Amino acid sequence: MNIVGLDALVFAVDDLQACSDCLRDYGLSAVELDASGGRFEALDGTAVVIRMGDDPRLPPGTFATPSLRETIYGVAAASDLDAIEDELARDRNVSRDEHGALHSVDDLGFAIGFQVTCRRAFEAPADLTNAPGSAPQRPHNQPGVTADMAALPRTLSHVVYMVPDAVKGEAFYRDRLGFHTTDRLLGAGPFMRPAGADDHHCIFMIQTPPHMQGCEHFTFHLGSGTEVLLAGTRFAQKGWTSFWGPGRHLFGSNWFWYFNSPLGCHIEYDADMDKHDNAWAARQAPATGDNTQLFHFATREKWVPGGPPPARH
């Protein structure tokens with residue numbers, strides 16, 4: 001089963017305007033938007049889809065609106081859809097929509113879908129770094145940053161579930177869909193990647209009481225830590241409230257900055273995640289502050305040297 005990663009996340013919402021504003025301010029492009037919902041894409045075509053909570057196109061769910069209603073994975077070929085259908089149909093309902101995509105549920109009750117991936121090629125500049133002791137990456141007279149540089153979501157990175165049984169969830173994605181566990185936070189749950197992807201994870205599960213089940217956050221990859229800091233700063237300047245970050249995770253090594261959102265979960269920027277293959281041996285560590293972040297910044301007002309001390313937030 002060559003699952004290459006997340007293609008889309010489908011949300012039931014109760015405030016279409018607020019959610020649309022949030023996703024556009026976050027940096028996604030509205031490619032479909034009307035009174036019933038919309039699709040908001042990153043540079044590679046992966047997306048967040050929002051629909052009003054009473055939209056009949058949403059899969060049935062027990063989660064209150066607003067909430068994540070379906071996680072859609074991309075696969076490499078139609079034959080992968082056939083393999084997934086054969087596997088899941090052994091013990092649960094599997095349906096196909098008019099586009100040929102599969103729809104079912106996992107063992108925890110989350111709606112899941114599968115389609116031949118929508119990901120497309122795109123062009124975006126790399127963040128070139130000059131480091132003493134190594135050959136320069138950025139040539140002479142080329143500034144590393146400019147005031148108007150782009151910092152846009154490039155691809156859908158990962159989703160995090162709050163689950164009542166992380167062991168059961170891990171077993172489903174491992175045994176039925178071929179995911180690999182890359183690392184584990186003891187007391188929380190596993191980081192997992194599908195067989196067709198090399199990102200550290202596209203799903204992470206956090207053990208929580210049953211009444212808390214749902215989506216904790218999702219994130220898109222940006223091009224660098226610099227872009228995370230720049231995009232997050234711009235997002236905050238548009239009025240969105242920081243929840244956690246900026247900083248850098250230990251497991252996965254990715255930069256992060258989380259914000260509150262009207263989607264019923266947090267929304268994150270991330271960048272520079274580790275890559276793994278099957279030779280990697282999963283680590284484990286207690287779910288503590290020291291193990292969830294290598295470092296974390298406290299934001300302050302911009303400051304001019306010689307001026308009064310900046311205010312801290």
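Strands here are DSSP runs of E at least two residues long, numbered from the N terminus. Keep in mind that this is a predicted model.

**Exercise 1.** Find where Pro66 sits and work out what is unusual about the peptide bond leading into it.

*Solution.*
- Start with the place: Pro66 is in the loop between β4 (47-52) and β5 (67-75).
- Now check omega: from Thr65 to Pro66 it is near 5°, and the bond is cis.
- Most peptide bonds are trans.
- There's another case to look up: the bond from Gly245 to Pro246 is cis too, with omega near 5°. Pro246 lies in strand β14 (residues 242-248).

**Exercise 2.** Work out which face of helix α4 is buried and what it packs against.

*Solution.*
- Pick out the helix: α4 covers residues 225-237, and its 13 residues reach 18 Å from first C-alpha to last.
- List the buried residues: Gly225, Glu227, Val228, Ala231, Gly232 and Phe235.
- Look down the axis of α4: these buried residues fall within an arc of 150°, so they line one face of the helix.
- Recall the general rule: an α-helix has 3.6 residues a turn, so residues three or four places apart point the same way.
- Finally, find the partners: the buried residues pack against α1 (16-26), β15 (255-259) and β16 (266-271).

**Exercise 3.** Is Asn141 buried or exposed, and what is the sign of its phi?

*Solution.*
- Find Asn141 in the loop between β8 (111-116) and β9 (155-163).
- Exposed means over 50% relative accessible area. Asn141 has 81% relative accessibility, so it counts as exposed.
- Its phi is near 70°, which is positive even though Asn141 isn't a glycine.

Key. Residues are numbered from 1 along each chain as its sequence is written. This is a predicted model: local features need pLDDT of at least 70, side-chain atom pairs count only at pLDDT 80 or more; totals for chains, interfaces and linings use all residues. Side-chain values use heavy atoms; hydrogens and water are left out. Helices (H or I, at least four residues) and strands (E, at least two) are DSSP runs, numbered from the N terminus. The expected span of a helix is 1.5 Å times one less than its number of residues. Buried means under 20% relative accessible area, exposed over 50%, partly exposed in between (1.4 Å probe, protein chains only). The arc is that of the directions from the helix axis to the C-beta atoms. Contact means heavy atoms within 4.5 Å.
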